[in-house]
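Biologist: I have a structure here and would like to go through it with you, piece by piece. Please reason briefly each time and finish on what I asked for.

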Amino acid sequence: MSLHMRFIKFIAALTCTLGLLWQLSQPIPMGDKSIPPLGSFFNPFSGFWTNAEPAGQPGFKDISIPGLKEEVEIVYDDLMVPHIFAKNLEDAARAQGFITAQHRLWQMDITARKASGRLSEILGERTFKLDRLARRRGMVYAAENDLIGWKKSPATMQLLEAYTEGVNAWIKQSGPADWPIEFKLLNYTPELWTPLKAALVTEAMAETLCAWEDDLENTNTYAELGADAFNYLYPEWNPKQQAVVADTGQWLDIHPLLPPPFVASATNALGATEAPERDYLNDGPITGSNNWALSGAKTKSGKPILCNDPHLNLTLPSIWYQVQLHTPEMNTYGVSLPGVPGVVIGFNENIAWGVTNVSHDVADWYKIHWTGADRTRYKLDNEEKTVQFRYEEIKIKGKPIFRDTVRYTVFGPVTYDFDPENPLKDCALRWIAHDVPEQSAFDAFLGLDKGKSYEDYKNAIPGFDSPAQNFVFASKNGDIAIQPQGKYPVRGQQQGRFVQDGGSWMNAWHSFIPAALVPCMKNPSRGFVFSANQHSTPPSYPYYYLGNFEDWRSRRIYNRLSSMTQATVDSMKNMQMDNYSQRAADALPIMLRMLDASKLDAEGQSLLAEFKNWNYRYEPEMLAPTLFETWFDSCYATTWDEIAMLENQPNGKVPTDDLNRSKNAKISMVYPEAWRFIEILETDSSSVYFDHPTTPERETAKDIVQESFQKMQTYYREHPDKKVAYGQAKGFMLKHLGLIDAFSRLDLKIGGHRTAPNAMSQTNGPSWRMIVELGDQVQALGVFPGGQSGNPGSKYYDNMVDTWASGNYYELLFLKSAGENSPRILGRQKFTAK
């Protein structure tokens, strides 16, 4: 072969090779998604293969980190929990940032992206609406204001910066082989961490916990039903509940100057939004939590016991990351929020603390009165005000940059003015999370991390503004306490319940409840404090507030703690795993009394027997909870068919399946709370609301109960595959944050219910169970549904899931020194200055 021909073949082969290499470096489009470049993804040195960790024990190498002042020692236990021993707080924060990034960097990144409206940069236009709403709700604005407030505490800000530098030290020392697999699947590179991203992580939690409001739904419902019906169906206080802080006469002499009562206007309903559809069954908060503390008078050991199990949307990786931080100032253990320093829920050698959501409504909508079509100026008390413009750029993968303009008023952002069909298009959002905090939220947790006494607890938490939390406390000295800590606007009666007139400054928030009058309770004679997202106080509290409060778990917990003596750690495990539903215990006896059993056939009698033998527990192997859910839901939906009709006006069509809320509602309305429905069922069985408006007969509660039982019976006759034990019927899913099924746990059949202390739904439940007994030597148990690692290729990714699902716990290894020996220690590591 001639040299010329060889050269031609070489050029051809080189061209093909280069073309193949180029093709392997490009993502492959698949509709609105894409497959990552196959070349880099399958690269044996940096592709997904490198995320498969060895099956044996991990190795730990000593590492040099920039910025360290002194050497840091890390001890890893058999759960891969890092126990960080540092000689100063700054080094501890820097080490915590490095280790957390090593295990959870993608989780940190995706959380900050979602909060800041930057998902579309990596996921394309399918997340554009989410991003736009995050920007228009002012999530980044809120995070920026957080930083302004945090900078008032220079020492704490220094710790945040050290944590940030630790995260970035890991990012800079890592390469594609080390990056979490999600970066490779989505074909993007990790960005450096910033204090703003830490603020976005905290705002993501605020959005979950304190963004709830139903102003539009209440406004529409009031307009459609009128004042008398609205007041009858929607009372704000459940007389059967026990508040977080009881009335012991501490408010008798407090008479604050309050705004005048808010008078709702029975004008035309505003319409429906495109917001995520709400469950028609109004049964309290989906996200909730339990915590309690028992004094030594109620425990077998004579020492206080504190318990906490925050209920959140459960994901893999887990929401929480366990860590121990030991410095000359403190020795604390608990769970941290990946992306921010310190311990959020935990204990030290002297005290323990936990949190639940307070659930107050701290988000209001105000109707703005524009002076012109350009909506640049608006009226406020007959004066004209000019809006402030905030310009947003949303990058969309594979698409041009989308530029948006958000108008800000004195109340807040006008969120929906881009959509002429949205009933809130001319409304501004006033949200507590937008405010500049008085101090850093980290100050509260740092104060608790270092705390030794009740006084330290009381000094630590007042700066914590949002999202408001019920801080429960117990100390080795024997004190127990609880305080619904947050920043609460002073309101007139009913203010904040409806969309308000933004043309009058009288409707604005003018002040906040003074810190000294925020309710609290210390060492009550009953021997315990507790919270489960119920009302903070009874109606005798002198300040008006509103919210999305829980009605079932709190009653069960109160009843059990009231009668409990000689409590032990095992007693507390039993309580946290309690599947008893107070709602079922309230409703089922009433429904059974109203049911005419003589009208049931053999199949119906068999179903009835299931109910009569049921103990109101939502156990995974039981059939009765499955049946009850269907029967109760049918009773509820059949009763409120009038509201369903109003929601669907002007066509007046009632949804054909009364077990599901209409998908095409014309106006957004609120349904009566489940506790109120049960109360009416029992005390006003001839209420007009039990009557079907489309039939000539006048139905009563008994007719509804009978009809709904028949519907339930027919449903299971026609769908025998649905007549299964509760654990199978519920279908609990522990989904990966990126909704990747291969990285999820979809095989769990567990009990629990949102109305039971073990509050479980399909994707929501106890995100961290903790029990701490504060004896001479602190003993603590804990577990969360996941693992320390965020890497699906690691055995520490989901190694705690089965333990959590079975109701078991791990003893938490609380070390006193880096040199302490324990058979549970996996290895040790040193960080030195670079």
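Biologist: Where is L186 found?
Modeller: This is a predicted model. Leaving aside neighbours within four places in sequence, L186 is in contact with W106, I122, L123 and K397. As for secondary structure, L186 is found in residues 181-186, that is, helix α8.

Biologist: What separates the C-alpha atoms of L186 and I122?
Modeller: Along the chain, L186 and I122 are 64 residues apart. I122 is also among the contacts of L186. Their C-alpha atoms are separated by 6.6 Å.

Biologist: In the protein, what percentage of contacts between residues at least 6 apart in sequence join residues at least 24 apart?
Modeller: The protein has 23 helices and 31 strands. Among contacts between residues at least 6 apart in sequence, the share that joins residues at least 24 apart is 72%.

Biologist: Of the 834 residues in the protein, what percentage is buried?
Modeller: The protein exposes about 33700 Å², and carbon and sulfur atoms supply 53% of that area. Residues count as buried under 20% relative accessible area. By that cut-off, the buried share of the 834 residues is 59%.

Biologist: Which helix gives the largest share of the largest nonpolar core?
Modeller: This core has 176 residues, and W292, W320, F347, W431, L561, M572 and F831 touch the most other members. The largest share of the core is 13 residues, and these come from residues 89-116, helix α3.
Modeller: Apart from this core lies another, with F632, Y671, L681 and A701 among its members; its residue count is 51.

Biologist: Which residues does W292 contact, leaving aside neighbours within four places in sequence?
Modeller: W292 is one of the residues that touch the most other members of the largest nonpolar core. Its contacts beyond four places in sequence are I305, L306, C307, D309, V472, V529, F530, I557, L561, M572, M575 and Q576.

Biologist: What is the bridge partner of L294 in β24?
Modeller: Strand β6 (residues 289-294) runs antiparallel to β24, and four bridges join them. Both faces of β24 (residues 528-531) are covered, with V529 and S531 buried on one side and F528 and F530 buried on the other. In β24, L294 has as its bridge partner F528.

Biologist: Which are the edge strands of the open sheet of 11 strands?
Modeller: The order is β3-β31-β4-β5-β9-β10-β11-β12-β20-β21-β23, with mixed pairing. An edge strand pairs on one side only, which applies to β3 (63-65) and β23 (521-522).

Biologist: What is the bridge partner of I65 in β31?
Modeller: β3 pairs with strand β31 (residues 825-833) in the parallel sense, over three bridges. In β31, the bridge partner of I65 is A833.

Biologist: Why is α16 largely enclosed by the rest of the structure?
Modeller: Helix α16 (residues 582-594) reaches 19 Å from its first C-alpha to its last, close to the expected 18 Å. Its buried residues, including R583, D586 and L588, pack against α14 (553-563), α17 (602-612), α18 (624-639), α20 (674-683) and α21 (701-718). The helix is largely enclosed because, of its 13 residues, the number buried is 10.

Biologist: Which residue caps the N-terminal end of α16?
Modeller: The backbone nitrogen of R583 lies 3.4 Å from a side-chain oxygen of the capping residue. That residue is S581.

Biologist: Is D417 buried or exposed?
Modeller: D417 lies in the loop between β18 (402-408) and β19 (427-431). Not counting residues up to four places away in sequence, D417 touches R136, R375, R407 and K425. Its relative accessible area is 7%, so D417 is buried.

Biologist: What is phi of S359?
Modeller: Most residues other than glycine have a negative phi. S359 is in the loop between β12 (351-357) and β13 (363-367), and S359 counts as buried at 8% relative accessibility. S359 is not a glycine, yet its phi is positive, about 75°.

Biologist: What is omega for the peptide bond from L316 to P317?
Modeller: P317 is in the loop between β8 (315-316) and β9 (321-327). Most peptide bonds are trans. The bond from L316 to P317 is cis, with omega near -5°.

Key: Residues are numbered from 1 along each chain as its sequence is written. This is a predicted model: local features need pLDDT of at least 70, side-chain atom pairs count only at pLDDT 80 or more; totals for chains, interfaces and linings use all residues. Side-chain values use heavy atoms; hydrogens and water are left out. A nonpolar core is a set of buried Ala, Val, Leu, Ile, Met, Phe, Trp, Tyr and Cys residues joined through side-chain atoms within 4.5 Å. Buried means under 20% relative accessible area, exposed over 50%, partly exposed in between (1.4 Å probe, protein chains only). Helices (H or I, at least four residues) and strands (E, at least two) are DSSP runs, numbered from the N terminus. Contact means heavy atoms within 4.5 Å. The expected span of a helix is 1.5 Å times one less than its number of residues. A polar contact is a pair of N or O atoms within 3.5 Å; within protein, one must be able to donate a hydrogen and the other to accept it, and residues adjacent in sequence count only if both atoms are side-chain atoms. Accessible areas come from the Shrake-Rupley method with a 1.4 Å probe; for residues, only the protein chains shown count as cover. Two strands pair if DSSP finds at least two bridges between them.
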